[in-house]
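Grab a coffee and try a couple of short exercises on the structure below. Each comes with a worked solution.

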Amino acid sequence: MSTPVSTTVDARFGDDGEPPLPWTDTEELLESAQLYWLSTVRRDGVPHVTPLIGLWHAGGFVFCTGPGEQKTHNLRHNDAVAVTTGVATWAAGTDVVVEGRARRVTDGDALRDVAEAYYVKYGQQWRFEVHGDAVGPVDDPGWVFRVEPLKVLVFAKGPFGQTTHRFA
């Protein structure tokens, strides 16, 4: 499980005296989110952003995608990603940005654990089975990627505050 090596607040972007959001609260936001946005970079440097379901699982963000999807093509050339979640409001809620590197998960035990976690979070529609180094239906399995955080930014709104969690 990842834990930050430092947590700071940037007073330039918050209300006076607003404390940093504790890591445990940030993880709770990441765990409870239903939808995330994944940003990858195409070979030509153009960003690619897409909504997807996923998991904050054992200290990292986990997502599934098909081997032929744009996300996968991008990750073959550049594994740097940003994952965002939050609310589309100006003065209420909290937004979170996870910056890190996406690595493919191929270990059978880890894949079974991820498949179970998807089912627990999203229900029967997302019951995955493990097929070799992939998960999903046997006729269309997907690859699993895990993003270990390097930096997590938290944007609190009402009161306003910006917290940065940094990782080794």
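What follows is two exercises, each solved step by step.

This is a predicted model, where local features need pLDDT of at least 70, side-chain atom pairs count only at pLDDT 80 or more, and totals for chains, interfaces and linings use all residues. Residues are numbered from 1 along each chain as its sequence is written, and side-chain values use heavy atoms, with hydrogens and water left out.

**Exercise 1.** Work out where Lys157 lies, whether Lys157 counts as buried or exposed, and what its side chain makes a polar contact with.

*Solution.*
- Step 1: find Lys157 in strand 10. Strands here are DSSP runs of E, at least two residues, numbered from the N terminus, while helices are H or I runs of at least four.
- Step 2: Lys157 counts as buried because its relative accessibility is 8%. The cut-offs are under 20% for buried, over 50% for exposed, and partly exposed in between (1.4 Å probe, protein chains only).
- Step 3: the Lys157 side chain makes a polar contact with the side chain of Asp95, at 2.9 Å. That term means a pair of N or O atoms within 3.5 Å; within protein, one must be able to donate a hydrogen and the other to accept it, and residues adjacent in sequence count only if both atoms are side-chain atoms.

**Exercise 2.** Say what is notable about the phi of Ala58 and where Ala58 lies.

*Solution.*
- Step 1: Ala58 isn't a glycine, yet its phi is positive, about 55°.
- Step 2: Ala58 sits in the loop between strand 4 (55-57) and strand 5 (60-65).
- Step 3: with 44% relative accessibility, Ala58 counts as partly exposed.
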